[in-house]
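Biologist: I would like a close look at one part of this model, with what packs around it and what connects to it. Please keep to what the coordinates show.

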Amino acid sequence: MTVLPIQVLGSSILRVETTPVAEITDELQQLIDHMFETMHAAQGIGLAAPQVGRSERLTVIEIEGERIVAINPEIVEESGTDRAEEGCLSIPDIYAEVDRSARVVVEATDREGQRFEIEADGLMARCLQHEIDHLHGKLFIDYLSFLKKRATMARWELQKSKYPDLLRILTPEVIQRLRDDHDHPDERL
Ligand code: NI
């Protein structure tokens, strides 16, 4: 099992536009496997390449056993609005309510190189939007009002020192603690 270090808020790669994937190589397949392993270790439901320090336009999601590999994903349709609490593996222990489209249709390429379409609502729709944002350098805190963002950033300032070099290292102890803690099992995107 390979658990990659997760870049946390403040790391510049989280703010960079990703590069579309042109070819699905063995190396990319391996990255996909490592991203799933890292996401599971972190008790997350979604993880985007920039969060593990990579610039490929790639994200992985797993919700209730439904696994999605989305390469070069694009939202082609969206409707409605839905407000719910959201968190991010790159901004640990910080949660806020975020408005998202209630329903989305996303077009993407799977790990075999086939283009596919997924229609989603609920948590899957939220997760797809959150991860696709990551691929364009956007984070959920960007949706908060000025005051909410300021309060959130103040809370983050207190957390930040836990992550030297803006890296979150998932040691076996951390992985075990996350496994035991079910406070926010569904909101880590
Ligand atoms: Ni995230």
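Modeller: What follows starts at helix α1 and works outwards to the strands, the cores and the metal site.

The model is predicted, and local features need pLDDT of at least 70, side-chain atom pairs count only at pLDDT 80 or more, and totals for chains, interfaces and linings use all residues. Residues are numbered from 1 along each chain as its sequence is written, and side-chain values use heavy atoms, with hydrogens and water left out.

Helix α1 covers residues 26–41 (helices are DSSP runs of H or I with at least four residues, strands are runs of E with at least two, both numbered from the N terminus). Its 16 residues should span 22 Å, at 1.5 Å times one less than the number of residues, and the end C-alpha atoms lie 23 Å apart, which agrees. Directly after the helix comes Q43, with a positive phi near 60°.

Buried residues in α1 are L28, L31, I32, H34, M35, F36, T38, M39 and A41 (buried means under 20% relative accessible area, exposed over 50%, partly exposed in between, with a 1.4 Å probe and protein chains only). An α-helix has 3.6 residues a turn, so residues three or four places apart point the same way. The partners against which the buried residues of α1 pack are β1 (6–7), β2 (46–48), β3 (58–63), β4 and α4 (172–180).

I32 shows this packing at a single position. Beyond its neighbours within four places in sequence, I32 is in contact (heavy atoms within 4.5 Å) with L58, V60, V69, I71 and R111. I32 also belongs to the largest nonpolar core (buried Ala, Val, Leu, Ile, Met, Phe, Trp, Tyr and Cys residues joined through side-chain atoms within 4.5 Å). That core has 22 residues, of which I32, M35, L58 and V60 touch the most other members. At least two residues each come from α1, β3, β4 and α4, and the largest share, seven residues, is supplied by α1. Apart from this core lies another, of 16 residues, including I61, V104, L128 and I132.

Two of the contacts of I32, L58 and I71, are also bridge partners of each other, with I71 in β4. β3 and β4 run antiparallel and are joined by six bridges (two strands pair if DSSP finds at least two between them). They form a hairpin with two residues between them, and E64 in the turn has a positive phi of about 45°.

β4 (residues 66–79) continues the sheet on to β7: six bridges join these antiparallel strands. E74 has E107 in β7 as its bridge partner, and I75 has V106. Five of the seven residues of β7 (residues 103–109) are buried, so β7 is largely enclosed by the rest of the structure. Seven bridges tie β7 to β8 (residues 115–121), again antiparallel, and R103 stands opposite D121 in β8. These two strands make a hairpin with five residues between them, where G113 in the turn has a positive phi of about 95°.

On the β1 side, Q7 has its place in that strand. Q7 is buried, with a relative accessible area of 15%. Not counting neighbours within four places in sequence, Q7 contacts I13, L14, P50, Q51, V52, G53, S90, L166 and L167.

C127 sits in helix α2 (residues 122–134) and is buried at 0% relative accessible area. Outside the residues up to four places away in sequence, C127 touches I45, G46, I61, I63 and L189. C127 is 124 residues from V3 in sequence and 21 Å away in space, C-alpha to C-alpha.

L189, touched by C127, is also part of the metal site. The nickel ion has as protein donors C88 (SG), H130 (NE2), H134 (NE2) and L189 (O), at 2.1 to 2.4 Å (donors are N, O and S atoms within 2.8 Å of the metal, or 3.2 Å for Na, K and Ca; water is not among the atoms, so sites may look incomplete). Along the chain, the donors follow the spacing C-x41-H-x3-H-x54-L. C88, in the loop between β5 (82–86) and β6 (96–100), and L189, in the segment after α4, link distant parts of the chain, 101 residues apart. C88 is buried at 5% relative accessible area, and L189 counts as buried at 1%.
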